[in-house]
Amino acid sequence: MASSDSTPDDDPRDEPVPISTLEQALHAARALVLADLAAREVVAADVVSMVEESIVERRWWVEQWPEGVEYVAGLVAQDVQDALLEAYGRWPLCPVCAAGDPHALEVEPELGPDPHWVCHQAGVKVAAVGTLGSR
């Protein structure tokens with residue numbers, strides 16, 4: 001039996017593969033939007049597919065414009081909000097305004113870091129994207 005100088009711990013396949021900044025941002029955006037969907041009990045298979053479709057589109061978008069990586073969470077939230085509007089109606093409904101017609105929150109900034117869900121009728125930030133359930 002031939003001896004080997006390497007031990008099982010030296011196998012390069014065991015070393016962690018670094019995750020790119022883009023992939024980290026996409027995973028974070030997915031988690032934040034899914035958390036908001038779960039908080040409002042809107043997590044069905046077709047809705048999760050909407051999130052995944054947005055992730056694919058935003059991966060391409062950031063590959064074209066790498067400086068936009070910090071905007072991905074807000075953009076995915078907006079993409080899913082738009083897709084839900086077409087399929088089901090407004091989401092997420094504003095929890096602040098008790099009177100009047102139900103209306104959806106909006107993501108602000110539209111293109112910027114640190115996205116929040118905002119009620120424009122009351123003029124208040126309701127929650128950061130990903131934290132609708134902590135309200």
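The following exercises, each with a worked solution, concern a predicted model.

**Exercise 1. Overall layout**

Determine how many helices and strands the chain contains, in which pattern they follow one another, and what share of the residues is buried.

Solution. Begin with the count of elements: the chain holds 3 helices and 3 strands. Reading along the sequence then gives the pattern α-α-α-β-β-β. For burial, the chain has 135 residues, of which 35% are buried. Finally, if one considers the contacts between residues at least 6 apart in sequence, 52% of them link residues that are at least 24 apart.

**Exercise 2. The sheet**

Work out in which order the strands are arranged, and which strands stand at the edges of the sheet.

Solution. Start with the order, which is β1-β2-β3 in an open sheet with antiparallel pairing. Each of β1 (106-108) and β3 (124-128) has a single partner strand, so one side of each is left without a neighbour in the sheet, and these two strands stand at the edges. From one strand to the next, the twist averages 45 degrees.

The next step is to examine the pairings themselves. Strand β2, residues 116-119, pairs with β1 over 3 bridges in the antiparallel sense, and within this pairing Val107 stands opposite Trp117, while Glu108 has His116 as its bridge partner. On the other side, β2 and β3 run antiparallel and are joined by 4 bridges, with His116 opposite Ala128 of β3. The strands β2 and β3 form a hairpin with 4 residues between them, and Gly123 in the turn takes a positive phi of about 70 degrees.

**Exercise 3. The faces of β2 and the setting of His116**

Establish which residues of β2 are buried on each side, and then describe what His116 touches.

Solution. In a regular strand, side chains alternate between the two faces of the sheet. In β2, His116 and Val118 lie on one side and Trp117 and Cys119 on the other, and all four are buried, which leaves both faces covered. His116 itself has a relative accessible area of 13%, and because the cut-off for burial is under 20%, this residue counts as buried. Beyond the residues up to four places away in sequence, His116 touches Glu106, Val107, Glu108, Lys125, Ala127, Ala128 and Val129. The side chain of His116 also reaches the backbone oxygen of Asp114, at 3.0 Å.

**Exercise 4. Helix α3 and its cover**

Find how α3 lies relative to the strands, and which elements cover its buried residues.

Solution. First consider the helix alone: α3 (residues 72-87) has 16 residues and reaches 22 Å from its first C-alpha to its last, close to the expected 22 Å. It lies across β1 and β2, running at about 165 degrees to β1. Its buried residues include Val72, Leu75, Val76, Asp79, Val80 and Leu84, and the elements that cover the buried residues of α3 include α1 (21-39), α2, β1 and β2. Just after α3, Gly89 takes a positive phi of about 130 degrees.

**Exercise 5. Two loops that meet**

Locate Tyr71 and Leu111, and decide whether each is buried or partly exposed.

Solution. Tyr71 is found in the loop between α2 (45-64) and α3, whereas Leu111 belongs to the loop between β1 and β2. Although 40 residues separate them in sequence, their C-alpha atoms are 6.1 Å apart. Tyr71 is buried at a relative accessible area of 16%, while Leu111, at 48%, is partly exposed. Leaving aside neighbours within four places in sequence, Tyr71 touches Trp61, Trp65, Leu111, Gly112 and Pro113, and Leu111 is in contact with Trp61, Tyr71 and Leu75. Leu111 and Gly74 lie 37 residues apart in sequence, with 7.2 Å between their C-alpha atoms.

**Exercise 6. Cysteines without a bond**

Explain why the sulfurs of Cys97 and Cys119 do not count as a disulfide.

Solution. A disulfide requires two cysteine sulfur atoms within 2.5 Å. The closest cysteine sulfur to that of Cys97 is in Cys119, at 3.6 Å, which is too far for a bond. For Cys119, the closest cysteine sulfur is that of Cys94, likewise at 3.6 Å and too far for a bond. The count therefore comes to 0 disulfides under the cut-off of 2.5 Å. As for burial, Cys97 is partly exposed at 24% relative accessible area, whereas Cys119 is buried at 0%.

Terms used
Residues numbered from 1 in each chain as written. Predicted model: local features only at pLDDT ≥ 70, side-chain atom pairs only at ≥ 80, totals over all residues. Heavy atoms only, no water. Pairing = 2+ DSSP bridges. Axes fitted to C-alpha atoms, helices over the stretch in contact; angles between N-to-C directions. Contact = heavy atoms within 4.5 Å. Buried < 20%, exposed > 50% of the residue type's maximum accessible area, 1.4 Å probe, protein only. Expected span 1.5 Å × (residues − 1). Polar contact = N/O pair within 3.5 Å; in protein donor to acceptor, adjacent residues only side chain to side chain.
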